[in-house]
Amino acid sequence: MTEKKGTIFSGMRPTGRLHLGNLFGALENWVRLQDEYHCFYCIVDWHAMTTDYENPGDINKNVREMVMDWLSCGMDPDKAVVFRQSDVKEHAELHLLLSMVTPLSWLERCPTYKDQLQQIEGRNLATYGFIGYPVLQAADILLYKANAVPVGEDQAAHLELTREIVRRFNYIYGKKVFPEPETLYNKYRVVSGLDRRKMSKSYENAIDIACTPEDIPKKVRMMITDPARIRKTDPGNPTVCTVFSFYSIFKPDNLSVVEQSCCLGERGCVECKNNLSELMLQYLEPIQQRRRELEDNPNRVTEVLEEGREKAVQVARTTMEEVRSIVGL
Ligand code: TRP
Ligand code: SF4
């Protein structure tokens, strides 16, 4: 194996089909990193259970959808370890041991905990599992002694907490068992949705990776452009236009041409949108081709998860042997 820069861990909750926000906000980055680092990419189904414990119905299906989205976007199970969290029970054991050393006050003051308690309605989240969410996340990362974790900005507080847990654990047991993982922010931090808010499943403003070729132009037509522009000859302001923000992803090399013609009122929004649809279709075509192949071959998905489990378990077992002995078990 060629020389690698270190180990990376990241995870996603299996909440259904992924959209372009997930692709450009995270996946693309993960795929790029698989050549440079030893990568562990995990479908964190136990994390999904912390909020969806009453309705876990779709989790198994969603795990498989996620594998298909990941692989069709270029994740390579021969390079990265692709696996499901609940397949590796060591995550639960390390979570338990880390929970012993984690002060409750750290978890109570975690901003994501406070936000979500307020925002998510109709479910009782005053649970032991939910407050422990970041401890489980720390266990995920530390089990593989990851040096770096590629995530979005929304995960900054969880990563900080992971580092605090590392320092406390290493201090208490007097040994540098775990490295402090660094946060690697994804390149396109936020992808805007059709309505200019952040692209998100819950806002219903998303374009799925598996969106059919017929639906792409329909979605693009729904995108909000510069609202001050009424006639084609009106000078436009691309910085407030959703369509333009997608050009920066799909055609970064001639962005200034689009920008200039928009600002000078030489470009109509309809034409601008049609061109974008074409670019998106071209980009997504090979991805969707691979996805269809996987949909037709469900055994392949099972096999990938099984191979991933085997590789992950090997590392997880070794870490747990060391951890048990260090804590005196
Ligand atoms: N909390 C992350 C999210 O909601 C998912 C996650 C779980 C994760 N464990 C992780 C991310 C470990 C990075 C590393 O997106
Ligand atoms: Fe947006 Fe293009 Fe219309 Fe300018 S011409 S406002 S960039 S859609």
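This short talk is about the enclosed cavities in the structure above and the residues that line them. Please keep in mind throughout that we are looking at a predicted model.

When the whole structure is searched, three cavities of 30 Å³ or more turn up, and I will speak about the largest and the second largest of them.

Let me begin with the largest cavity, which holds about 110 Å³ of space. There are 13 residues in its lining, and those closest to the centre of the cavity are Arg 229, Cys 241, Cys 262, Cys 269 and Cys 272. If we ask which elements give two or more residues to this lining, the answer is helix 11, covering 242-250, together with helix 12, at 255-263, and helix 13, at 269-295. Sorted by class, the lining of the largest cavity is made up of eight nonpolar residues, two polar ones and three charged ones.

I turn now to the second largest cavity, for which the computed volume is about 80 Å³. Its lining consists of Cys 110, Thr 112, Tyr 113, Gln 116, Phe 130, Tyr 133, Pro 134 and His 158. Two or more of these residues come from helix 6, at 111-119, and likewise from helix 8, at 133-143. Which helix gives the most to this lining? That is helix 6, which supplies three residues.

As for the chemical character of this second lining, five of its residues count as nonpolar and three as polar, while none is charged; in the largest cavity, by comparison, three charged residues are part of the lining.

Terms used: Residues are numbered from 1 along each chain as its sequence is written. Chains are lettered from A and ligands numbered from 1 in the order in which they are written. This is a predicted model: local features need pLDDT of at least 70, side-chain atom pairs count only at pLDDT 80 or more; totals for chains, interfaces and linings use all residues. Side-chain values use heavy atoms; hydrogens and water are left out. On a 1 Å grid over the protein atoms alone, a cavity is a set of points where a 1.4 Å probe fits but cannot get out, and a pocket is an open set with protein on both sides within 12 Å along at least five of seven lines; lining residues have an atom within 4 Å of a point. Grid points are joined across faces, edges and corners, and a volume is the space filled by probe spheres set on the points. Helices (H or I, at least four residues) and strands (E, at least two) are DSSP runs, numbered from the N terminus. Ala, Val, Leu, Ile, Met, Phe, Trp, Tyr, Cys and Pro count as nonpolar, Asp, Glu, Lys and Arg as charged, and the others, Gly among them, as polar.
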